[in-house]
Amino acid sequence: MFNFLANPARFMRIGNAVLPWCWTVAAIAGAAGLYLALLASPADYQQGDSVRIMYIHVPAAWMALATYTLIAFFAAVALVWKHPLAHLVAQSAAPLGAGFTLICLVTGALWGQTSWGTWWEWDGRMTSVLVLFFLYLGIMALAHAFDDNERGNQMSAILALVGFVNIPIIKFSVDWWATLHQPASVFRAGGPAIHPSMLWPLALMAVAFTTYFAALLILRVRGAIAARKVQALRLVKGWNR
Amino acid sequence: MTLQMITDFIALNGYGAYVWPAFGVTVLALGWMAVDTLHRLRANERLLNELQKDDPR
């Protein structure tokens, strides 16, 4: 499966075929998710209507973690098999991951202010997610920090792999350390501890975020492949154009 | 739908001041991700087309 997609031309063909489906699912799930999140779902018995922030905060947090996992996977593939497309995918995913992490942090601060009375707390969960945000920025910056592109890609991939230790830290931070943040209520032993009327909008928003991410990732990789071809053509033709 | 219903919805029982900025920031960030992606894609594909036009291979 991986070798099959490792060919840029094939990746683009499959990507272009999948793209309209991603947009369609993102639009339908997003519209249904927003309707349920803002209008049809009940207010929380403790948090009132502020619980509606959950429907974007939690999917954004999932995307922040999933995107980083994807990057670490492709970084490993790039380092072990030296496939240039793997670097392109990792680099293309990084700004999207940073965006989702930023959404998670800002919506979390707003939610925190109204339910805990503070925008920010230097506890395990919040600090480790902030570290995740800086890891994304580092992965993006390192790739361009060297004159030699290859070296930049390698350094960036190594940072992505080393930084992967942060992912289980984020996941289990709420169990390991005293925190204001609530523990997991969906992906937990014993099944989701959340009522279907709230689980549905959450799931739909998660599907919308995932397919939106997939569509943008396909387009970003397409752009990166074009940029790579431009570089190669310029090399062939000499530097002066 | 009456005006009262709309203002009630926007107020969200006092939580509107937190909920709407959260959704607003999300829309802005997701929008920026799309704009940046399309901008890069177009710029790179335009460059590539120009280079390939000069020298079709």
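## Chain A: order of elements

Read from start to end, chain A has the pattern α-α-α-α-α-α-α-α. That is eight helices and zero strands. The model described here is predicted.

The C-alpha atoms of chain A fill a box of roughly 65 × 40 × 35 Å along the principal axes. Chain A has 241 residues, and 40% of these are buried. Contacts in chain A can also be sorted by how far apart the two residues lie in the sequence. Among those between residues at least 6 apart, 75% join residues at least 24 apart.

## Two helices of chain A that pack together

Two packed helices are described by the angle between their axes and the distance between the axes. In chain A, one such pair is helix α4, residues 84–115, and helix α8, residues 196–237. Their axes come within 9 Å and cross at roughly 130°. That angle makes α4(A) oblique to α8(A), because it falls neither over 145 degrees, where helices count as roughly antiparallel, nor in the 65 to 115 range that counts as roughly perpendicular. The crossing of α4(A) with α8(A) is right-handed.

Which residues of α4(A) and α8(A) meet? On the α4(A) side they are A:L88, A:V89, A:Q91, A:S92, A:A93 and A:L96. Their partners in α8(A) are A:F213, A:L216, A:L217, A:R220, A:V221, A:A224, A:I225 and A:R228. Sorted by type, the residues of this contact are ten nonpolar, two polar and two charged. The polar ones are A:Q91 and A:S92 in α4(A), while the charged ones are A:R220 and A:R228 in α8(A).

## Chain B: a spread-out chain

Chain B has two helices and zero strands. Its radius of gyration is 22 Å, whereas the globule rule gives 10 Å for 57 residues. The value for chain B is well over that of the rule, so chain B is more spread out than a compact globule.

The C-alpha trace of chain B spans about 65 × 25 × 10 Å along its principal axes. Of the 57 residues in chain B, 16% count as buried.

## Where the chains touch

How many residues of each chain take part in the contact between chain B and chain A? There are 25 from chain B and 29 from chain A. On the chain B side, the touching residues divide into 17 nonpolar, four polar and four charged.

How values were computed
Residues are numbered from 1 along each chain as its sequence is written. Chains are lettered from A and ligands numbered from 1 in the order in which they are written. This is a predicted model: local features need pLDDT of at least 70, side-chain atom pairs count only at pLDDT 80 or more; totals for chains, interfaces and linings use all residues. Two residues are in contact if their C-beta atoms, placed from the backbone, lie within 7 Å. Axes are lines fitted to C-alpha atoms, for helices over the stretch in contact, and angles run from 0 to 180 degrees between N-to-C directions. Helices (H or I, at least four residues) and strands (E, at least two) are DSSP runs, numbered from the N terminus. Angles under 35 degrees count as roughly parallel, over 145 as roughly antiparallel, 65 to 115 as roughly perpendicular and the rest as oblique. A crossing is left-handed if the near helix is turned anticlockwise from the far one by less than a right angle, and right-handed if clockwise. The radius of gyration is taken over C-alpha atoms; the globule rule is 2.2 Å times the number of residues to the power 0.38. A residue is buried if 20 or more other C-beta atoms lie within 10 Å of its own, exposed if 12 or fewer, and partly exposed in between; C-beta atoms are placed from the backbone.
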